[in-house]
Structures are given as structure tokens and as C-alpha cells.
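Biologist: I am new to this structure and would like to learn how to read its features. Could we take them one at a time?

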Amino acid sequence: MTESSEEQLVEAISPERFQPFLEECHGDVVVALRLYAWDAEAARALHSPLRDLEVSLRNRIHRQLTGRFGQSDWWNLRRAEPNRWAMEDIRDAEARLARRGNGAAPCDVVATLSFGFWVGLLSRGGHGNYDMKYWNPALRHCFKGVRRQDLHDRLEVMRTLRNRIAHHERVSHRHLEEDFRTAIELTALVAPELAARHEKYSRVPAVLARKARVLSGEEEIVL
């Protein structure tokens, strides 16, 4: 790789975005470019368990609250209505679906709401009093033996990681082995078979194990 090609790559990435990688590699541009590529590879691998955690969590919560309140658009019941910020998210989701010409069936709304919305239902909820509205009568049965606050805190870590990956932000500085383990353990609470599938087939362990070899040049980068 010539110096000019390295400079062109850094320029394409942007010097500001590349700087943390360069600092982690003690100013070695060639190694930092390898790290940049490996970072993207790790993010792609982690996207799969995070996707299935998000989907299985939202479906489990939605089914539980549907059963509790007796209708699939449970949020439209006064006694089940989440706090005003969450209701704004729901109305925004319905409006987006309407602009696309799609119906706003409850299943469509559920699929449109963000991971943060569902994680938020496991918080205290502020004036929404989610402990009394959701956790004690319904959601604690999905997560037997787990403290709500601990569950929420761990899901917040996953939400942050998911958002970093979605916005193409660096993840190589994180404890990714622990992140992967957390994703699997949380998925196992709501979808054990899905968690077992990731345990068996996920690319994450192999990708994480090859980091040093990629940085040394022993193994090729994967784009």
C-alpha cells in the first residue's frame, strides 16, 4: 500500500472519524486501517444477535401486554397507556405508516417502534408508573428471577451498542466478548431457542478471535 493510497483512504473515511483508530494503534496508519476494517467486521457480526434480541424482546413484551389488557392495541386503553413520551413515539409510528400508505395495524406499529421504546417499558416509567402498570401484573412473568432494574440496565447497554452499530460508530474499544454474552443471555430470557441458535452458529466469536491476526497482517481484512 502506497502512502498516497493510505492518505486517500483516510480522507474518504475522514481524519476526524479515523483519529480514534489511529490513537488506538499508536499512530500507525496501516495498522489503524486494518483496525477500521476489523471494527466494521465485528459490527456486522454483532448486528445479528442484536437484531434477534430486539425482535424477540418486542414480540414477547407485546404478547404479554396484549394478554394482560385484552387487545392488541393495548396502548389505546386508558389504563394501559404508557407515558407521554412513549405515546408520542406510538403516534409518530402511526403517522409514518399512514404516510407510506400502509395501515396502522397493531403488528405494524409494533414493528415500527424503536428498540428504545421497548427497553423503556422496562424502566420505572416516570409518571407512567410502569412498575404498577406493566411489570408487577404482567412483564415480570416474562423474566422470572430477574430484577427489573438490572434487566433494564443490561438492555440499555445493548441499546447503546445497537445504536452505535446502526450509526456506523466505532465498537472496537468495547468489551465485545461481554457484549455478545449479554445479548445471548438476554435473548435466552424471552426466546431460548433463538439464543441457542446464536450460541451454535454465530460468527461473533471467530471474528473477535482474529482481531490480533488482522492487525498484524497475518490474516486479511474482510469488507
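Modeller: Start with the elements: helices (H or I, at least four residues) and strands (E, at least two) are DSSP runs, numbered from the N terminus. By that numbering, G126 is in the loop between α6 (115-120) and α7 (130-135). This is a predicted model, in which local features need pLDDT of at least 70 and side-chain atom pairs count only at pLDDT 80 or more, while totals for chains, interfaces and linings use all residues. Residues are numbered from 1 along each chain as its sequence is written, and side-chain values use heavy atoms, with hydrogens and water left out.

Biologist: Is G126 buried or exposed?

Modeller: Buried means under 20% relative accessible area, exposed over 50%, and partly exposed in between (1.4 Å probe, protein chains only). G126 has a relative accessible area of 57%, so the residue is exposed. From E23, G126 is 103 residues away in sequence and 41 Å away in space, C-alpha to C-alpha.

Biologist: What is the phi of H168?

Modeller: Most residues other than glycine have a negative phi. H168 is not a glycine, yet its phi is positive, about 60°. H168 lies in the loop between α8 and α9 (176-190) and is exposed, with a relative accessible area of 57%. S14 also has a positive phi, near 100°, and is placed in the loop between α1 (3-13) and α2 (15-24).

Biologist: How many residues does α9 have, and what span should they give?

Modeller: The expected span of a helix is 1.5 Å times one less than its number of residues. For the 15 residues of α9 that gives 21 Å, and the end C-alpha atoms are 22 Å apart, which agrees. Buried residues of α9 include L176, F180, I184 and V190. With contact meaning heavy atoms within 4.5 Å, the buried residues of α9 pack against α3 (29-69), α8, α10 (192-201) and α11 (204-209).

Biologist: How many aromatic pairs are there?

Modeller: Rings of Phe, Tyr and Trp (its six-membered ring) pair if their centres lie within 6.5 Å; planes under 30 degrees apart count as stacked, over 60 as edge-to-face and the rest as tilted. The count is 8 aromatic pairs. W74 and W75 have ring centres 5.2 Å apart and planes at 75°, so they are edge-to-face. W74 is buried at 0% relative accessibility, and W75 is buried at 1%. W135 and F143 are stacked, 6.0 Å centre to centre with 10° between the planes; both are buried. One aromatic cluster is formed by F69, W74, W75, Y130 and Y134.

Biologist: Which residue forms a salt bridge with R170?

Modeller: A salt bridge is a side-chain nitrogen of Lys or Arg within 4 Å of a carboxyl oxygen of Asp or Glu. The structure has 18 of them. R170 pairs with E24, with the closest N and O atoms 3.3 Å apart. R170 lies in the loop between α8 and α9 and E24 in helix α2, so the pair ties together parts 146 residues apart in sequence.

Biologist: Where does R148 lie?

Modeller: R148 is in helix α8 (residues 148-166), and counts as buried at 10% relative accessibility. The side chain of R148 meets that of D131 in a salt bridge (2.7 Å, N to O). This pair links distant parts of the chain, with D131 in helix α7 and R148 in helix α8, 17 residues apart. D131 is partly exposed, with a relative accessible area of 23%.
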